[in-house]
Structures are given as C-alpha cells and as structure tokens.
Amino acid sequence: MATKLTRFILIGLVLGIIAGWAINVSVADGTPAGDAQLKTIAGYFSILTTVFLHLIKMIIAPLVLSTMVVGIAHMGDTTALGRVGIKAFGWFVCASLISLSLGLVLVNALQPGVGLALTIPPADAASGVDRSAFDLAKFIAHIFPTSMVDAMAQNDILQIVVFSLFLGVAITAVGEPARPLVRALEALVKVMLQVTDYVMRFAPVAVFAAVTASIAERGISILATYGYFMGSFYIGLAILWILLIGVCFLIVGGRTRHLVRYIRDPIVLAFSTASSEAAFPRTLEALDRFGVPPRIASFVLPLGYSFNLDGSMMYMTFASIFIAQAYGIDLTITQEILMLLTLMITSKGVAGVPRASLVVITATLAQFNIPEAGILMILAVDHFLDMGRSATNVVGNAVASTVVAKWEGELDPPEPVDIEPPHAPSHRPPPPPGDEPF
C-alpha cells in the first residue's frame with residue numbers, strides 16, 4: 001500500500017501529462033506565435049514548480065547543518081568520524097566507477113547516436129551552457145567557505161558540509177559545555193522536519209505543474225522523436241539500480257529487498273520534480289525508519305549529494321559518447337577510457353552548479369574535440385532524462401548510507417514500512433550511557 005503522498009504525486013504526474021498534451025494540441029499551430037504562446041503558458045505553470053523548489057531549498061541548509069553536526073557530535077570521537085568518512089568515500093569511488101563504466105558500455109552496445117549523421121558545426125558554435133562554472137583551481141578554493149551565512153544563503157551543500165564537519169568535531173572536543181548547543185540543534189532538526197511535512201503537502205501540485213509545463217511546451221511527440229536514446233538511457237538506469245541494490249543485498253542481507261519500499265516517496269518525488277535536492281528531507285526520514293542511525297545518515301547523505309550522484313555520472317558518459325556518435329566521430333578505446341577518468345574527476349567539481357551534468361559534459365566534449373554545440377541535441381529532452389537520473393541519485397545515496405551503517409555494525413531494526421512517515425525522526429531508545437557523549 002503506497003503512502004498518500006506517493007499516490008497523490010503519481011496522480012499529479014498522470015494529470016500533468018494529460019493536461020500538457022491537451023494544451024499543446026489545442027494551441028500548437030506550427031507558427032512562431034503559437035510556439036510563443038505555448039512557452040508563455042508553460043511559464044505560468046512553472047511558477048508553481050519554482051515556488052515548491054524554493055521552499056525545498058529553504059529547508060536544505062538548516063537541515064543539513066543541524067543533522068550533520070548532531071550526527072558528528074553523537075559519534076563521540078574523531079576516530080569514529082574518520083572511519084565512517086573513509087568507508088563512505090570508498091563506496092563513492094567504487095559506485096562512481098561502476099556508474100561511469102556502465103554508461104560507457106551501454107552507449108557503445110546500443111549505439112543510440114549512430115545513423116543520425118549530423119553535420120559537424122563550425123568550430124565557434126556555442127552550446128549555450130556555461131562550462132566556465134567548472135575550474136579545478138576555483139573548485140578547490142570554493143570548497144572552503146569564507147562565510148557560513150553566505151554558504152547557507154547560496155545553499156552550497158559542499159561548503160555547508162565542510163563547516164558542519166569543523167563545528168561537529170569542535171563540539172565533540174569541547175564536550176560538556178557544548179551540550180546546550182547540541183540540544184538546540186536537535187530541536188532544530190525536529191522543527192525542520194515538521195516544516196518539511198508542511199512543504200511536502202504541496203508536492204503533488206508542483207509535480208502536476210512541472211509535467212504540464214514540459215509537455216505543453218514541447219509536445220508529447222518529443223518523447224517519440226528521442227525515444228530510442230531515452231529508452232537506452234533508462235535501460236541503463238534500470239541495470240544500475242539492479243547493480244546497486246544487488247551489491248547492497250550481498251553486504252546488508254535479505255532486508256535490502258525492502259529498502260526501495262522505504263524510500264519510494266523520495267524516489268517518486270525526485271523523479272517527478274527532476275530534482276534530487278527536493279527528495280533530501282524525505283530520504284533522511286526514510287533511512288531513519290529503515291534502521292540507518294541518524295548520526296550516520298546525516299553524515300553520509302550530504303556527502304553523497306556532493307560526491308555520489310550515480311545517475312548523473314552514468315548520464316555523463318552516455319550523453320558524451322552519444323553526441324560523438326551523432327557526429328560520426330569515432331573514439332578509440334583509449335580515448336573513451338581517458339574520457340571516463342576525466343569525468344570521474346570533473347564530476348566531483350560541480351557540486352551546487354545548476355544543471356551540473358550539462359556543464360561537465362560540455363567541458364568534456366571540448367577536451368576530446370567533439371563539437372560543444374552537440375549538447376543542444378539533448379537539451380530538448382534533458383528534463384525527462386533528469387527525472388530518471390534524479391531518482392537514481394536518491395537510490396544510490398540511500399544504498400551508500402545503508403551499506404556504511406552495516407559496515408559500522410549499527411543497522412537498527414526497521415520500523416513498519418506501510419505507515420505514514422513521522423513528522424520528526426523516530427524516537428528509538430537512547431544508547432547505553434557512555435556510548436553517546438551528548
């Protein structure tokens with residue numbers, strides 16, 4: 001039995017497809033005026049989606065800060081923190097290589113771009129995507145915030161994570177005098193999750209508006225035009241889900257088969273809104289109910305949003321080779337492996353950059369003499385592809401948190417799955433005295 005939120009989101013998704021198709025059919029006449037009218041109508045619907053995503057972003061910064069600091073403080077010492085961090089990053093690297101490699105193998109096996117025979121554009125043709133957003137030197141400097149207030153105002157998750165890491169370790173070092181601060185942050189976690197519950201009630205409306213706007217502007221025929229490319233990519237995502245959950249099953253055991261049922265709400269939300277960020281609060285709650293201790297989930301999950309976007313990474317290799325195929329550019333195995341390794345590094349350098357996947361792809365195309373303007377081919381359906389990769393990012397980070405909790409020997413018994421999620425973290429019995437310093 002699906003939760004009410006899942007049902008209403010799915011209803012909003014279906015109604016959005018119907019409404020968008022009806023608007024497109026009734027207004028589209030093949031003229032510039034008709035196209036402009038469709039774009040205007042889509043813009044009005046998009047207002048609702050924009051409002052919802054703004055409300056989500058309003059939650060992210062205080063929720064990441066409070067949950068991560070409390071999680072670090074409850075670990076008790078920097079040794080445990082370092083151990084969890086190393087295990088998390090080890091998983092991130094392996095998952096990244098699997099995701100990138102799978103995209104590379106599938107795009108070569110299915111060859112969705114072969115036969116398009118596009119004419120190579122002039123060397124100065126622009127993609128319209130600002131690839132200057134990625135610069136290794138700037139990225140390294142950008143990791144460390146100059147102001148926590150600015151980092152929270154910009155919703156820069158990576159900078160918030162770095163500050164939270166310093167603050168959590170300092171609280172652990174200070175000990176007893178910092179107890180009031182920890183309690184205040186614990187209260188903030190509960191308050192922000194209650195705010196999340198209020199915001200999520202608007203999710204079905206936002207989903208309806210997002211899908212209606214997309215279908216109304218582009219028409220449902222766009223799905224058929226790019227059907228093979230999109231179908232090939234979604235096949236890849238399905239295989240990636242099987243791999244991630246399969247590895248989780250080997251490590252965690254039989255209860256893994258229930259994981260997707262616990263995280264179905266955030267999966268559907270991420271898919272419908274094409275935003276991994278929108279699903280963050282619900283993913284945190286779902287993992288808590290599945291048995292991942294909050295101190296581990298609140299540490300691993302924000303890191304995953306910066307370094308472990310599995311769906312996005314698979315898309316990067318898939319889309320890059322697809323564009324090369326469309327232009328009839330043959331890459332050697334050596335070049336493709338080099339591209340994979342390049343994407344492995346650059347994909348970690350765009351945390352917080354809008355449309356990060358497109359930025360990385362555009363920068364990578366230039367390095368391998370593939371026309372940057374090729375990105376325009378996939379822009380028309382990028383929203384529909386982003387839906388799938390956003391949902392996959394949620395699955396990847398949920399699996400990462402679960403695996404790390406298992407490696408730490410701290411995976412708790414799950415709560416009943418077929419109940420509405422609580423408005424605040426579940427109240428498990430506190431750990432024995434001495435295990436939790438605060």
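# Contacts, burial and helices in a predicted chain

Colleague: At what N to O distance do the side chains of Lys87 and Glu408 meet in a salt bridge?
Modeller: The model is predicted. A salt bridge requires a side-chain nitrogen of Lys or Arg within 4 Å of a carboxyl oxygen of Asp or Glu. The side chains of Lys87 and Glu408 form such a bridge, with an N to O distance of 2.7 Å.

Colleague: How many residues apart are Lys87 and Glu408?
Modeller: Lys87 belongs to helix H3, residues 78–110. Glu408 lies in the segment after helix H19, which covers 382–407. The pair therefore links distant parts of the chain, with a separation of 321 residues.

Colleague: Which partner, Lys87 or Glu408, counts as buried?
Modeller: Buried means under 20% relative accessible area. Lys87 has 23%, so Lys87 is partly exposed. The value for Glu408 is 13%, so the buried partner is Glu408.

Colleague: Is Arg201, which meets Asp197 in a salt bridge, buried or exposed?
Modeller: The side chains of Asp197 and Arg201 meet at 2.9 Å, N to O. Asp197 has a relative accessible area of 6% and is buried. The value for Arg201 is 58%, over the 50% cut-off, so Arg201 is exposed.

Colleague: About how many helical turns separate Arg389 and Asp386?
Modeller: Arg389 and Asp386 form a salt bridge of 3.2 Å, N to O, and both residues are buried. An α-helix has 3.6 residues a turn. Arg389 and Asp386 are three residues apart in helix H19, so the separation is about one helical turn.

Colleague: Which residues do salt bridges that share partners join into one network?
Modeller: By the distance rule, the count of salt bridges comes to eight. The bridge between Asp197 and Arg201 was described above. Salt bridges with shared partners make one network of Asp197, Arg201, Arg282 and Glu285.

Colleague: How many of the ten residues of helix H12 are buried?
Modeller: H12 spans residues 264–273 and is mostly covered. Its buried residues include Arg264, Asp265 and Pro266. Ala274, with a positive phi near 55 degrees, follows the helix. Within H12 itself, the number of buried residues is nine.

Colleague: What percentage of residues 228–252 is helix?
Modeller: The unreviewed UniProt entry lists this span among its transmembrane regions, along with others including 198–216. For residues 198–216 the model gives 89% helix and 0% strand, with 29 Å between the end C-alpha atoms. For residues 228–252 the end C-alpha atoms are 36 Å apart. Strand there is 0%, and helix is 100%.

Colleague: What distance separates the C-alpha atoms of Val93 and Asn308?
Modeller: Val93 sits in helix H3 and is partly exposed, at 41% relative accessibility. Along the chain, Val93 and Asn308 are 215 residues apart. Their C-alpha atoms are separated by 8.0 Å.

Colleague: Which helix gives the most residues to the largest nonpolar core?
Modeller: The chain has 19 helices and zero strands, and 54% of its 438 residues count as buried. The largest nonpolar core holds 125 residues; Phe52 and Val300 are among those that touch the most other members. The greatest contribution to this core, 14 residues, comes from residues 32–75, which form helix H2.

Colleague: What type of aromatic pair do Phe89 and Phe92 form?
Modeller: The structure holds ten aromatic pairs. For Phe89 and Phe92 the ring centres are 5.8 Å apart and the planes lie at 70 degrees. Planes over 60 degrees apart meet the angular cut-off, so the pair is edge-to-face.

Colleague: Is Phe92 buried or partly exposed?
Modeller: Phe89 and Phe92 are three residues apart in helix H3, so about one helical turn lies between them. Phe89 has 36% relative accessibility and is partly exposed. At 1%, Phe92 is buried.

Colleague: What is the angle between the planes of Phe233 and Tyr234?
Modeller: Phe233 is buried at 0% relative accessibility, whereas Tyr234 is partly exposed at 26%. Both belong to one aromatic cluster, whose members also include Tyr315 and Phe318. The pair is edge-to-face, with ring centres 6.1 Å apart and a plane angle of 80 degrees.

Terms used:
Residues are numbered from 1 along each chain as its sequence is written. Side-chain values use heavy atoms; hydrogens and water are left out. Buried means under 20% relative accessible area, exposed over 50%, partly exposed in between (1.4 Å probe, protein chains only). Helices (H or I, at least four residues) and strands (E, at least two) are DSSP runs, numbered from the N terminus. UniProt positions are given in the numbering used here, feature names are shortened, and annotations may be inferred rather than shown by experiment. A nonpolar core is a set of buried Ala, Val, Leu, Ile, Met, Phe, Trp, Tyr and Cys residues joined through side-chain atoms within 4.5 Å. Rings of Phe, Tyr and Trp (its six-membered ring) pair if their centres lie within 6.5 Å; planes under 30 degrees apart count as stacked, over 60 as edge-to-face and the rest as tilted.
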